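Trainee: I'm new to this one and would like a close look at a single part. Could you take me through the largest pocket and whatever sits around it?

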Amino acid sequence: MKKLFAGLASLLLLAEVAQFYLAASGAFDSAPIEEAFSPHRFLGYLILFSAVVLVVISAVARMPGRVIGRTALVAGLVLIQSLIREVARSFGEGSETGHLIFGVHAVNGLIIFGVTLWIVREARQIAWQRTELSHATQS
């Protein structure tokens with residue numbers, strides 16, 4: 001189960017990389033904003049769903065509390081992404097204040113990526129450490 005968690009966490013990390021790509025391609029798209037960022041928004045919802053499922057899997061896999069907590073942190077930070085977007089939009093599409101607040105969306109995305117990277121490294125170490133220990137005790 002720990003290996004499953006590590007694998008799914010790795011997939012989440014890859015989805016986050018794709019999310020940055022979709023954000024950049026949406027920013028330079030000539031289509032209307034809603035249309036240009038549609039793939040980015042859709043993947044964001046999938047990332048949120050995946051992060052919540054990953055929290056459950058981390059608990060079922062009996063990962064250490066620090067891993068479960070940080071996995072829950074990722075889910076919370078992803079949820080905050082939508083909140084940041086809505087607050088920025090409330091100031092108006094072209095407003096300077098809205099742009100400044102929306103910049104936090106990108107910074108939060110980097111934080112999400114960094115925490116997920118930590119989770120992947122920690123989960124892989126835990127999953128494969130246990131395998132090595134079990135092989136050593138069987139020999």
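Mentor: Here is a walk from the overall fold to the pocket, then out to the helices and salt bridges around it.

Bear in mind that this is a predicted model. The protein has five helices and zero strands, so to speak an α-α-α-α-α pattern when you read along the sequence. Its C-alpha trace spans about 65 × 25 × 20 Å along the principal axes. Of the 139 residues, 35% are buried.

Now for the pocket itself. The largest pocket has a volume of about 960 Å³. In general, rolling a probe the size of a water molecule over the atoms shows where empty space is left. Here the lining takes in 31 residues, and the ones nearest the centre are Phe-37, His-40, Arg-85, Phe-102 and His-105. Which helices supply at least two residues of that lining? They are H1, H2 (33–36), H3, H4 (65–90) and H5 (96–138). H5 gives the most, with nine residues.

Let's take those central residues in turn, starting with Phe-102. You'll find Phe-102 in helix H5. Is Phe-102 buried or partly exposed? Its relative accessible area is 36%, so Phe-102 counts as partly exposed. The C-alpha of Phe-102 is 9.4 Å from that of Gln-81, and the two residues are 21 apart along the chain. Gln-81 is one of the buried residues of H4.

That brings us to H4. Its 26 residues should span 38 Å at 1.5 Å a residue, and the end C-alpha atoms are 37 Å apart, which agrees. The buried residues in H4 are Val-67, Thr-71, Val-74, Ala-75, Leu-77, Val-78, Gln-81, Ile-84, Arg-85 and Ala-88. If you look at the numbers in that list, a general point about helices is handy: an α-helix has 3.6 residues a turn, so residues three or four places apart point the same way. Just after H4 comes Gly-92, with a positive phi of about 105°.

Arg-85 deserves a pause, since that name has come up among the residues nearest the pocket centre. Arg-85 has a relative accessibility of 18%, and because the cut-off for buried is under 20%, Arg-85 counts as buried. Its side chain meets that of Glu-86 in a salt bridge, 3.1 Å from N to O. Glu-86, at 41% relative accessibility, is partly exposed. Salt bridges with shared partners tie Glu-34, Arg-41, Arg-85, Glu-86 and Arg-89 into one network. As a general rule, side chains of opposite charge can pair when their charged atoms come close.

Another link in that network is the salt bridge between Glu-34 and Arg-41, whose closest N and O atoms are 3.0 Å apart. Glu-34 is partly exposed, with 39% relative accessibility.

How many salt bridges does the structure hold? The count is six. One of them joins the side chains of Glu-122 and Arg-66, at 2.4 Å from N to O. This pair links distant parts of the chain, since Glu-122 is in H5 and Arg-66 is in H4, 56 residues apart. Glu-122 is buried, at 14% relative accessible area, whereas Arg-66 is partly exposed at 46%.

Next is H3, another helix that helps to line the pocket. H3 has 23 residues and reaches 33 Å from its first C-alpha to its last, close to the 33 Å expected at 1.5 Å a residue. His-40 is one of the residues nearest the pocket centre, and His-40 is also buried, as are Leu-43, Gly-44, Ile-47, Ala-51, Leu-54, Ile-57 and Ser-58 in H3. H3 is followed by Arg-62, which has a positive phi near 55°.

To finish, H3 also takes part in something on the surface. Met-1, Leu-4, Leu-8, Leu-11, Leu-14, Val-56 and Val-60 form a nonpolar patch there, with about 660 Å² of accessible area together. The elements that give two or more residues to the patch are H1 (2–27) and H3 (38–60). H1 makes the largest contribution, four residues, while Val-56 of the patch lies in H3. H1 and H3 therefore turn up twice in this tour: both supply at least two residues of the pocket lining, and both give two or more residues to the nonpolar patch.

Key:
Residues are numbered from 1 along each chain as its sequence is written. This is a predicted model: local features need pLDDT of at least 70, side-chain atom pairs count only at pLDDT 80 or more; totals for chains, interfaces and linings use all residues. Side-chain values use heavy atoms; hydrogens and water are left out. Patches are made of residues with over 30% relative accessible area and no salt bridge: like charges are joined within 9 Å, nonpolar side chains (Val, Leu, Ile, Met, Phe, Trp, Tyr) within 5 Å. Accessible areas come from the Shrake-Rupley method with a 1.4 Å probe; for residues, only the protein chains shown count as cover. A salt bridge is a side-chain nitrogen of Lys or Arg within 4 Å of a carboxyl oxygen of Asp or Glu. The expected span of a helix is 1.5 Å times one less than its number of residues. Buried means under 20% relative accessible area, exposed over 50%, partly exposed in between (1.4 Å probe, protein chains only). On a 1 Å grid over the protein atoms alone, a cavity is a set of points where a 1.4 Å probe fits but cannot get out, and a pocket is an open set with protein on both sides within 12 Å along at least five of seven lines; lining residues have an atom within 4 Å of a point. Grid points are joined across faces, edges and corners, and a volume is the space filled by probe spheres set on the points.
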